[in-house]
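Please find below a colleague's note, set out as numbered points for someone meeting this structure for the first time. It is best read with the 3D view open.

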Amino acid sequence: IKDEYRNSDYKANLVFNPYTKVLADNFISNGYKIMVCTARPFNNPKFENLKTNTINWLNKNNFNFDIFLDKNVDLERLGLYEEIFFHIDDEYKYAQQFASHKVQTFLVGKHIIKKDNYINNVKNIEEIANIWMKYV
């Protein structure tokens with residue numbers, strides 16, 4: 001079923017979270033760059049249009065970004081962790097990956113954790129306001 005989902009146009013028509021765009025646009029206007037990192041299986045021949053569809057979806061929703069990477073491969077290979085100011089993820093295992101490289105990391109979605117259970121500097125997305133107020 002997941003293969004059919006990845007090959008369908010369903011994801012290409014998902015509603016884009018408007019707050020994501022507002023947050024990104026505000027950081028861009030203050031000189032930050034936006035790096036989109038995904039763990040989608042772009043290198044799998046079963047999903048030959050997945051990367052193009054993902055980028056088209058971002059563009060269709062006017063989401064501005066500077067670089068688009070595979071977080072399973074490119075970040076480590078390119079040595080980009082030191083250049084990342086903060087990271088937002090919806091999967092805890094990837095959030096931990098970024099936090100282990102001393103990147104401020106925030107969880108969104110179903111993996112949000114209680115404040116007293118923060119592990120390895122992974123925090124809930126609500127706390128991004130602290131960064132916003134301090135750096136923008």
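1. Thr 105 is buried in this predicted model, its relative accessible area being 1%, and that value can be set against the cut-off for burial, which lies at under 20%. The residue belongs to strand β4, which spans residues 104-107.

2. Two polar contacts of the Thr 105 side chain deserve a look in the viewer. The side chain of Thr 105 comes to 2.7 Å from the backbone oxygen of Val 103, and the side chain of Thr 105 also lies 3.4 Å from the backbone nitrogen of Ala 99.

3. Which residues does Thr 105 touch, not counting residues up to four places away in sequence? The contacts are with His 87, Ala 95, Phe 98, Ala 99, Asn 121, Val 122 and Lys 123. Among these, Ala 95, Phe 98 and Ala 99 are also listed as buried residues of helix α5.

4. Helix α5 covers residues 92-99, and its buried residues are Tyr 92, Tyr 94, Ala 95, Phe 98 and Ala 99. These residues are placed on the same side of α5, because the arc they cover around the axis is only 160°.

5. Strands β1 (residues 35-38) and β2 (residues 67-70) run parallel and are joined by four bridges, and within this pairing Thr 38 stands opposite Asp 70 of β2. With helix α3, residues 50-60, the strands β1 and β2 make up a right-handed β-α-β unit.

6. How many salt bridges does the model contain? The count comes to one salt bridge, formed by Asp 25 with Lys 21, whose closest N and O atoms are 2.7 Å apart. Both residues lie in helix α2 (residues 18-29), where they are four residues apart, or about one turn of the helix. As general background, side chains of opposite charge can pair when their charged atoms come close.

7. Are the two partners of this salt bridge buried or partly exposed? Asp 25 is partly exposed, with a relative accessible area of 25%, and Lys 21 likewise counts as partly exposed, at 22% relative accessibility.

8. Tyr 32 sits in the loop between α2 and β1, and it counts as partly exposed at 24% relative accessibility. A reader tracing the chain may wish to find Phe 85 as well, since the C-alpha atoms of Tyr 32 and Phe 85 are separated by 8.8 Å, although their positions lie 53 residues apart along the chain as a separation in sequence.

Definitions and conventions. Residues are numbered from 1 along each chain as its sequence is written. This is a predicted model: local features need pLDDT of at least 70, side-chain atom pairs count only at pLDDT 80 or more; totals for chains, interfaces and linings use all residues. Side-chain values use heavy atoms; hydrogens and water are left out. Two strands pair if DSSP finds at least two bridges between them. Helices (H or I, at least four residues) and strands (E, at least two) are DSSP runs, numbered from the N terminus. A crossover is right-handed if, with the strands pointing away from the viewer, the path from the first strand over the helix to the second runs clockwise. A salt bridge is a side-chain nitrogen of Lys or Arg within 4 Å of a carboxyl oxygen of Asp or Glu. Buried means under 20% relative accessible area, exposed over 50%, partly exposed in between (1.4 Å probe, protein chains only). The arc is that of the directions from the helix axis to the C-beta atoms. A polar contact is a pair of N or O atoms within 3.5 Å; within protein, one must be able to donate a hydrogen and the other to accept it, and residues adjacent in sequence count only if both atoms are side-chain atoms. Contact means heavy atoms within 4.5 Å.
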